[in-house]
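Please work through the following exercises with the sequence and the model at hand. Each task is followed by a solution in steps.

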Amino acid sequence: MEALTVAGQGLGWSRGGLSTKIHLAVDGRGLPMRVLLTAGQAGDNPQLLPLLDGIRVRRDGPGRPRSRPDVVIADKAYSHPSTRQASRRRGITFVSPERTDQIAGRAAKGARGGRPPAFDTELYKQRNVVERCFNRLKQFRDLATRYAKRVAYYQAELTIAAIVLWLR
């Protein structure tokens, strides 16, 4: 099996076979704000900053749209020192558990490994909002089974499903 994507289809080989990853940013109410699609074998961490860059929230009064969230709550796949550093530069609180390989790498360095990153367990409990949004999107049969062959059609179906969630 090849580890390359199928051109134009957003499909790639992962452990489960051909698949597509959905990267999702939601607001505090669990409504989708931005969706990115990648091939199944693509890493999650490189997609976090492009996902955040596409968010624009209109202000009540005059001014530019807000493009920086206060807090980003992500799973372990997005946990990487470069992501933590980029979010710190942007003034974003980043809450994600540290991966076990990163813990072992830091421990192997000894005193030079530094302290573990701050992790707020109470705030991390709110990540279920993202999972609930995924579950609501997967209620749409086309999205759950990926009937659309082309990634553009699948992206359009995701967008329509997101709009429906916003209108409910």
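The exercises proceed from the whole chain to its strands, helices, pocket and two single residues.

The model is predicted, so local features are taken only at pLDDT of at least 70 and side-chain atom pairs only at pLDDT 80 or more, while totals for chains, interfaces and linings use all residues. Residues are numbered from 1 along each chain as its sequence is written, and side-chain values use heavy atoms, with hydrogens and water left out.

**Exercise 1. The chain as a whole**

Task: State how many helices and strands the chain has, and in which pattern they follow.

Solution.
- Step 1. Helices (H or I, at least four residues) and strands (E, at least two) are DSSP runs, numbered from the N terminus. The chain has seven helices and five strands.
- Step 2. Along the sequence, these elements follow the pattern β-β-β-α-β-α-β-α-α-α-α-α.
- Step 3. The C-alpha trace spans about 55 × 50 × 25 Å along its principal axes.
- Step 4. Buried means under 20% relative accessible area, exposed over 50%, and partly exposed in between (1.4 Å probe, protein chains only). Of the 168 residues in the chain, 35% are buried.
- Step 5. A contact means heavy atoms within 4.5 Å. Among contacts with a separation of 6 or more, 45% join residues 24 or more positions apart.

**Exercise 2. Strands β1, β2 and β3**

Task: Determine in which sense β2 pairs with β3 and over how many bridges, and whether β3 is enclosed or open.

Solution.
- Step 1. Two strands pair if DSSP finds at least two bridges between them. Strand β2 (residues 17-26) pairs with β3 in the antiparallel sense over seven bridges.
- Step 2. Bridge partners include A25 with R34 in β3 and L24 with V35 in β3.
- Step 3. β2 and β3 form a hairpin with five residues between them, and G30 in the turn has a positive phi of about 85 degrees.
- Step 4. Strand β1 (residues 12-14) runs antiparallel to β2 and is joined to β2 by three bridges. S14 has G17 of β2 as a bridge partner.
- Step 5. Strand β3 (residues 32-39) is largely enclosed by the rest of the structure, because six of its eight residues are buried.

**Exercise 3. Helix α7**

Task: Check the span of α7 against the expected value, and identify which residues of α7 are buried.

Solution.
- Step 1. The expected span of a helix is 1.5 Å times one less than its number of residues. For the 17 residues of α7 this gives 24 Å, and the end C-alpha atoms are 24 Å apart, which agrees.
- Step 2. The buried residues of α7 are Y154, L158, A161, A162 and L165. Seen down the axis, they fall within an arc of 100 degrees (taken from the directions from the helix axis to the C-beta atoms), so they line one face of the helix.
- Step 3. An α-helix has 3.6 residues a turn, so residues three or four places apart point the same way.
- Step 4. The buried residues of α7 pack against β2, β3, α5 (128-137) and α6.
- Step 5. The face of α7 turned away from the buried side carries the exposed residues A152, Y153, I160 and L167.

**Exercise 4. Helix α2**

Task: Find which residues of α2 are buried and which elements they pack against.

Solution.
- Step 1. In helix α2 (residues 81-90), the buried residues are T83, R84, A86 and S87. These fall within an arc of 165 degrees when seen down the axis of α2, so they line one face of the helix.
- Step 2. They pack against α1 and β5 (93-95).
- Step 3. The face of α2 turned away from the buried side carries the exposed residues R88 and R89.
- Step 4. Just after α2, G91 takes a positive phi of about 80 degrees.

**Exercise 5. The largest pocket**

Task: State the volume of the largest pocket and which element gives the most to its lining.

Solution.- Step 1. On a 1 Å grid over the protein atoms alone, a pocket is an open set of points where a 1.4 Å probe fits, with protein on both sides within 12 Å along at least five of seven lines; lining residues have an atom within 4 Å of a point. Grid points are joined across faces, edges and corners, and the volume is the space filled by probe spheres set on the points.
- Step 2. The largest pocket has a volume of about 830 Å³. Of the 33 residues that line this pocket, A25, V26, V71, V72 and I73 are the closest to its centre.
- Step 3. The elements that give two or more residues to the lining are β2, α1, β4 (71-73) and α5. β2 gives the most, with six residues.

**Exercise 6. Two single residues**

Task: Decide whether Q47 is buried or exposed, and do likewise for K149.

Solution.
- Step 1. Q47 is in helix α1 (residues 45-53). Q47 counts as buried because its relative accessibility is 19%.
- Step 2. Leaving aside residues up to four places away in sequence, Q47 touches H23, L36 and T38.
- Step 3. K149 lies in the loop between α6 (141-145) and α7 (151-167). K149 counts as exposed because its relative accessibility is 56%.
- Step 4. K149 and G10 are 139 residues apart along the chain, and their C-alpha atoms are separated by 8.8 Å.
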